[in-house]
Amino acid sequence: MAKKKIKLKPSSDFVGLLTEDGATSSGIDTDSGIIGIKTPNKFTFSVGGDDPHGVFGVVKAGKNLTWTYSLDNDNPEVDALALGQGLSQLYQITIKAKGYKTIKEKVSITIEGRNDAPEITSNEETSVGEGTEAVLILAATDVDFGASLNYSIVDDLDADFFEIVDTANGPELRFKDPSISDDVPYLVKVRATDEFGAFDEQEIAVTVNPADIL
Ligand SMILES: [Ca+2]
Ligand SMILES: [Ca+2]
(Lines give C-alpha, C1' and ligand atoms only; values in the text may rest on other atoms or scores of the structure.)
(Ligands and ions follow the chains in the order given, each with its own letter.)
Protein backbone atom coordinates (compact mmCIF):
# COMPACT_ATOMS: atom_id res chain seq x y z
CA MET A 1 0.00 0.00 0.00
CA ALA A 2 1.34 3.41 -0.99
CA LYS A 3 2.23 5.71 1.84
CA LYS A 4 -0.03 8.66 2.49
CA LYS A 5 1.12 12.25 2.17
CA ILE A 6 1.70 14.48 5.16
CA LYS A 7 -0.19 17.70 4.52
CA LEU A 8 1.36 21.02 5.59
CA LYS A 9 -0.56 24.20 6.23
CA PRO A 10 0.14 26.97 3.69
CA SER A 11 1.13 29.23 6.57
CA SER A 12 4.20 27.09 7.25
CA ASP A 13 7.24 29.29 7.63
CA PHE A 14 10.52 28.14 6.09
CA VAL A 15 12.29 31.48 5.80
CA GLY A 16 14.39 33.31 8.37
CA LEU A 17 15.87 36.78 8.06
CA LEU A 18 18.30 38.26 10.54
CA THR A 19 20.48 41.34 10.64
CA GLU A 20 23.95 41.46 12.13
CA ASP A 21 23.66 43.05 15.59
CA GLY A 22 19.95 43.36 14.88
CA ALA A 23 17.48 43.30 17.68
CA THR A 24 19.28 42.56 20.89
CA SER A 25 22.29 43.71 22.82
CA SER A 26 22.98 40.23 24.17
CA GLY A 27 25.09 39.21 21.19
CA ILE A 28 22.51 36.68 20.04
CA ASP A 29 19.68 37.47 17.64
CA THR A 30 16.96 34.98 16.87
CA ASP A 31 14.31 34.43 14.27
CA SER A 32 11.80 31.63 14.33
CA GLY A 33 9.04 30.12 12.29
CA ILE A 34 6.21 27.69 12.79
CA ILE A 35 5.45 24.72 10.57
CA GLY A 36 1.79 23.82 10.46
CA ILE A 37 0.61 20.26 9.81
CA LYS A 38 -2.96 19.50 8.73
CA THR A 39 -2.63 15.73 8.84
CA PRO A 40 -1.75 13.48 10.55
CA ASN A 41 -2.03 14.30 14.25
CA LYS A 42 0.95 12.24 15.32
CA PHE A 43 4.38 12.90 13.87
CA THR A 44 8.01 13.57 14.72
CA PHE A 45 9.74 16.80 13.85
CA SER A 46 13.45 17.46 13.67
CA VAL A 47 15.82 20.07 12.28
CA GLY A 48 19.27 19.37 10.95
CA GLY A 49 21.57 19.77 8.03
CA ASP A 50 24.95 21.32 7.54
CA ASP A 51 25.65 24.90 6.80
CA PRO A 52 27.90 25.05 3.75
CA HIS A 53 29.55 28.36 4.74
CA GLY A 54 30.58 27.69 8.31
CA VAL A 55 28.67 27.96 11.51
CA PHE A 56 27.18 31.39 12.18
CA GLY A 57 24.35 30.25 14.36
CA VAL A 58 22.25 27.28 15.32
CA VAL A 59 18.75 26.22 14.50
CA LYS A 60 16.72 24.24 16.98
CA ALA A 61 13.42 22.45 16.87
CA GLY A 62 11.13 23.57 19.64
CA LYS A 63 7.65 22.76 20.85
CA ASN A 64 4.62 23.17 18.61
CA LEU A 65 6.60 22.73 15.38
CA THR A 66 8.68 25.82 15.91
CA TRP A 67 12.18 26.24 14.59
CA THR A 68 14.40 28.96 16.00
CA TYR A 69 17.61 30.22 14.48
CA SER A 70 20.09 31.95 16.79
CA LEU A 71 22.68 34.13 15.10
CA ASP A 72 26.07 34.41 16.76
CA ASN A 73 26.94 38.10 16.45
CA ASP A 74 30.31 37.46 18.04
CA ASN A 75 31.35 35.30 15.10
CA PRO A 76 34.07 37.28 13.27
CA GLU A 77 32.65 36.32 9.87
CA VAL A 78 29.25 37.71 10.86
CA ASP A 79 30.90 40.87 12.19
CA ALA A 80 32.83 41.22 8.93
CA LEU A 81 29.64 41.48 6.88
CA ALA A 82 29.42 44.97 5.46
CA LEU A 83 26.22 46.83 4.73
CA GLY A 84 24.72 45.22 1.63
CA GLN A 85 26.57 41.93 2.13
CA GLY A 86 24.85 38.78 3.27
CA LEU A 87 25.20 35.14 4.13
CA SER A 88 22.71 32.38 3.79
CA GLN A 89 22.32 29.07 5.53
CA LEU A 90 20.11 26.12 4.77
CA TYR A 91 18.72 23.68 7.28
CA GLN A 92 16.59 20.65 6.73
CA ILE A 93 13.37 20.02 8.52
CA THR A 94 12.26 16.41 8.65
CA ILE A 95 8.72 15.38 9.51
CA LYS A 96 7.96 11.72 9.93
CA ALA A 97 4.70 9.92 10.66
CA LYS A 98 3.79 6.25 10.72
CA GLY A 99 2.28 5.18 7.40
CA TYR A 100 3.21 8.50 5.78
CA LYS A 101 5.92 9.52 3.37
CA THR A 102 8.68 11.43 5.18
CA ILE A 103 8.85 15.14 4.40
CA LYS A 104 12.19 16.91 4.05
CA GLU A 105 11.95 20.67 3.63
CA LYS A 106 14.62 23.34 3.60
CA VAL A 107 14.62 26.24 6.01
CA SER A 108 16.51 29.12 4.46
CA ILE A 109 18.16 31.65 6.73
CA THR A 110 19.50 34.93 5.40
CA ILE A 111 21.85 37.05 7.47
CA GLU A 112 22.20 40.65 6.38
CA GLY A 113 25.31 42.63 7.23
CA ARG A 114 25.43 45.88 9.12
CA ASN A 115 28.13 48.50 9.00
CA ASP A 116 30.49 48.63 11.96
CA ALA A 117 32.32 51.86 12.76
CA PRO A 118 36.11 52.06 12.48
CA GLU A 119 38.29 52.21 15.57
CA ILE A 120 41.40 54.34 15.68
CA THR A 121 44.36 52.30 16.92
CA SER A 122 47.29 54.71 16.63
CA ASN A 123 48.72 56.43 19.71
CA GLU A 124 46.87 59.20 21.49
CA GLU A 125 50.05 60.89 22.60
CA THR A 126 53.45 61.32 21.07
CA SER A 127 56.45 63.61 21.18
CA VAL A 128 58.62 64.94 18.40
CA GLY A 129 61.78 67.02 18.27
CA GLU A 130 61.46 70.69 17.44
CA GLY A 131 61.75 71.21 13.70
CA THR A 132 60.26 67.79 12.90
CA GLU A 133 57.46 67.73 10.38
CA ALA A 134 56.20 64.14 10.78
CA VAL A 135 54.14 63.49 13.93
CA LEU A 136 52.82 59.96 13.52
CA ILE A 137 51.22 57.52 11.09
CA LEU A 138 47.48 57.26 11.74
CA ALA A 139 45.93 53.79 11.85
CA ALA A 140 42.46 52.37 12.42
CA THR A 141 40.68 49.06 12.08
CA ASP A 142 37.28 48.31 10.58
CA VAL A 143 35.92 44.79 10.98
CA ASP A 144 33.84 45.00 7.80
CA PHE A 145 35.02 43.17 4.72
CA GLY A 146 36.46 45.50 2.08
CA ALA A 147 36.23 48.59 4.30
CA SER A 148 37.98 51.70 3.06
CA LEU A 149 38.90 54.44 5.50
CA ASN A 150 39.45 58.12 5.12
CA TYR A 151 41.37 60.21 7.68
CA SER A 152 40.74 63.84 8.48
CA ILE A 153 41.44 66.48 11.08
CA VAL A 154 38.45 67.71 13.07
CA ASP A 155 38.17 71.51 13.05
CA ASP A 156 38.76 71.92 16.77
CA LEU A 157 41.57 72.50 19.29
CA ASP A 158 44.92 73.12 17.53
CA ALA A 159 43.68 71.85 14.17
CA ASP A 160 45.24 74.79 12.31
CA PHE A 161 48.75 73.57 13.04
CA PHE A 162 48.27 70.13 11.48
CA GLU A 163 47.67 68.39 8.18
CA ILE A 164 47.39 64.77 7.02
CA VAL A 165 49.49 63.64 4.08
CA ASP A 166 49.25 60.23 2.38
CA THR A 167 52.59 58.44 2.46
CA ALA A 168 53.82 54.97 1.52
CA ASN A 169 53.55 54.07 5.22
CA GLY A 170 49.99 55.34 5.53
CA PRO A 171 48.29 58.61 6.38
CA GLU A 172 50.80 60.76 8.23
CA LEU A 173 49.86 63.47 10.70
CA ARG A 174 52.26 66.37 10.19
CA PHE A 175 52.96 69.84 11.46
CA LYS A 176 52.27 72.38 8.73
CA ASP A 177 55.10 74.47 10.12
CA PRO A 178 57.77 72.33 11.80
CA SER A 179 59.52 75.37 13.29
CA ILE A 180 56.89 75.83 15.98
CA SER A 181 57.58 74.99 19.59
CA ASP A 182 55.74 75.36 22.82
CA ASP A 183 55.98 74.10 26.36
CA VAL A 184 52.46 72.61 26.37
CA PRO A 185 51.34 69.76 24.13
CA TYR A 186 49.47 70.57 20.95
CA LEU A 187 46.08 68.90 20.84
CA VAL A 188 44.64 67.66 17.59
CA LYS A 189 41.51 65.62 17.01
CA VAL A 190 41.60 63.16 14.11
CA ARG A 191 38.76 61.23 12.56
CA ALA A 192 38.71 57.94 10.65
CA THR A 193 35.58 57.60 8.48
CA ASP A 194 34.49 54.49 6.60
CA GLU A 195 32.78 54.35 3.21
CA PHE A 196 29.35 54.49 4.88
CA GLY A 197 30.10 57.55 6.96
CA ALA A 198 30.60 55.80 10.32
CA PHE A 199 33.59 57.21 12.17
CA ASP A 200 35.80 57.20 15.21
CA GLU A 201 37.56 60.23 16.64
CA GLN A 202 40.66 60.50 18.76
CA GLU A 203 42.38 63.38 20.48
CA ILE A 204 46.15 63.27 20.11
CA ALA A 205 48.51 65.19 22.37
CA VAL A 206 51.74 66.14 20.61
CA THR A 207 54.65 67.36 22.70
CA VAL A 208 57.41 69.23 20.91
CA ASN A 209 60.81 68.73 22.55
CA PRO A 210 62.89 71.88 22.21
CA ALA A 211 66.09 71.67 20.22
CA ASP A 212 69.30 71.84 22.25
CA ILE A 213 70.39 75.37 22.93
CA LEU A 214 74.12 75.92 23.27
CA1 LIG B 1 29.58 44.33 10.02
CA1 LIG C 1 32.68 49.78 8.50
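This passage walks through the predicted model of one protein chain, from its overall build down to single residues.

Let's start with the big picture. The protein chain has one helix and 18 strands. Its radius of gyration comes out at 28 Å, while the globule rule gives 17 Å for 214 residues; the value is well over the rule, so the chain is more spread out than a compact globule. A box drawn along the principal axes to hold the C-alpha atoms would be roughly 110 × 30 × 25 Å. Of the 214 residues, 22% are buried. As for contacts with a separation of 6 or more, 67% of them link residues that are 24 or more positions apart.

The domain assignment splits the chain into domain 1, residues 7-112, and domain 2, residues 119-209. Their C-alpha centres lie 46 Å apart. The two do touch: six residues of domain 1 are in contact with six residues of domain 2. On the domain 1 side, the touching residues are made up of four nonpolar, one polar and one charged.

Now for the strands in domain 1. Strands of a sheet pair through backbone hydrogen bonds, and the pairing can be parallel or antiparallel. Strand E8 (residues 86-96) runs antiparallel to strand E5 (residues 44-48), with five bridges joining the two. Within this pair, glycine 48 sits opposite glutamine 92 of E8. E8 also pairs with strand E9 (residues 103-112), again in the antiparallel sense, this time over 10 bridges. Here leucine 90 faces serine 108 in E9. E8 and E9 make a hairpin with six residues between the strands, and in that hairpin glycine 99 takes a positive phi near 85°.

E9 has another partner too: it pairs with E2 in the parallel sense over five bridges. In this pairing, glycine 16 has isoleucine 109 of E9 as its bridge partner. In a regular strand the side chains alternate between the two faces of the sheet. Strand E2 (residues 15-19) has one covered face, with Gly16 and Leu18, and one uncovered face, with Val15, Leu17 and Thr19.

Domain 1 also holds a cis peptide bond. Most peptide bonds are trans. The one from threonine 39 to proline 40, though, is cis, with omega near 0°. Proline 40 lies in the loop between strand E4 (37-39) and E5.

Moving on to domain 2, an open sheet of four strands has the order E11-E18-E17-E14 and mixed pairing. Its edges are E11 and strand E14 (150-153), each of which pairs on one side only. Ignoring direction, neighbouring strands of this sheet are turned by 30° against each other on average. One of the pairings is that of E11 with strand E18 (residues 199-209), which is parallel and has five bridges. Serine 127 stands opposite threonine 207 in E18.

There is also an open sheet of three strands, in the order E12-E16-E15, with antiparallel pairing. Strand E12 (134-137) and strand E15 (162-167) form the edges, each pairing on one side only. The twist in this sheet averages 30° from one strand to the next. E15 and strand E16 (residues 170-175) are joined antiparallel by six bridges, and isoleucine 164 stands opposite leucine 173 in E16.

Two loop residues round off the tour. Threonine 121 belongs to the loop between strand E10 (119-120) and strand E11 (125-129). A residue with 12 or fewer C-beta neighbours within 10 Å is exposed, and threonine 121 has 12 of them, so it counts as exposed. Apart from neighbours within four places in sequence, threonine 121 is in contact with Ala139, Ala140 and Thr141. Threonine 207 lies 86 residues away from threonine 121 in sequence and 19 Å away in space, C-alpha to C-alpha.

The other loop residue is leucine 157, between E14 and E15. Most residues other than glycine have a negative phi. Leucine 157 nonetheless has a positive phi, near 55°. With 16 C-beta neighbours inside 10 Å, leucine 157 counts as partly exposed.

Notes: Residues are numbered from 1 along each chain as its sequence is written. Chains are lettered from A and ligands numbered from 1 in the order in which they are written. This is a predicted model: local features need pLDDT of at least 70, side-chain atom pairs count only at pLDDT 80 or more; totals for chains, interfaces and linings use all residues. A residue is buried if 20 or more other C-beta atoms lie within 10 Å of its own, exposed if 12 or fewer, and partly exposed in between; C-beta atoms are placed from the backbone. Two residues are in contact if their C-beta atoms, placed from the backbone, lie within 7 Å. Domain bounds come from an automatic or database domain assignment. Ala, Val, Leu, Ile, Met, Phe, Trp, Tyr, Cys and Pro count as nonpolar, Asp, Glu, Lys and Arg as charged, and the others, Gly among them, as polar. Two strands pair if DSSP finds at least two bridges between them. Axes are lines fitted to C-alpha atoms, for helices over the stretch in contact, and angles run from 0 to 180 degrees between N-to-C directions. The radius of gyration is taken over C-alpha atoms; the globule rule is 2.2 Å times the number of residues to the power 0.38.
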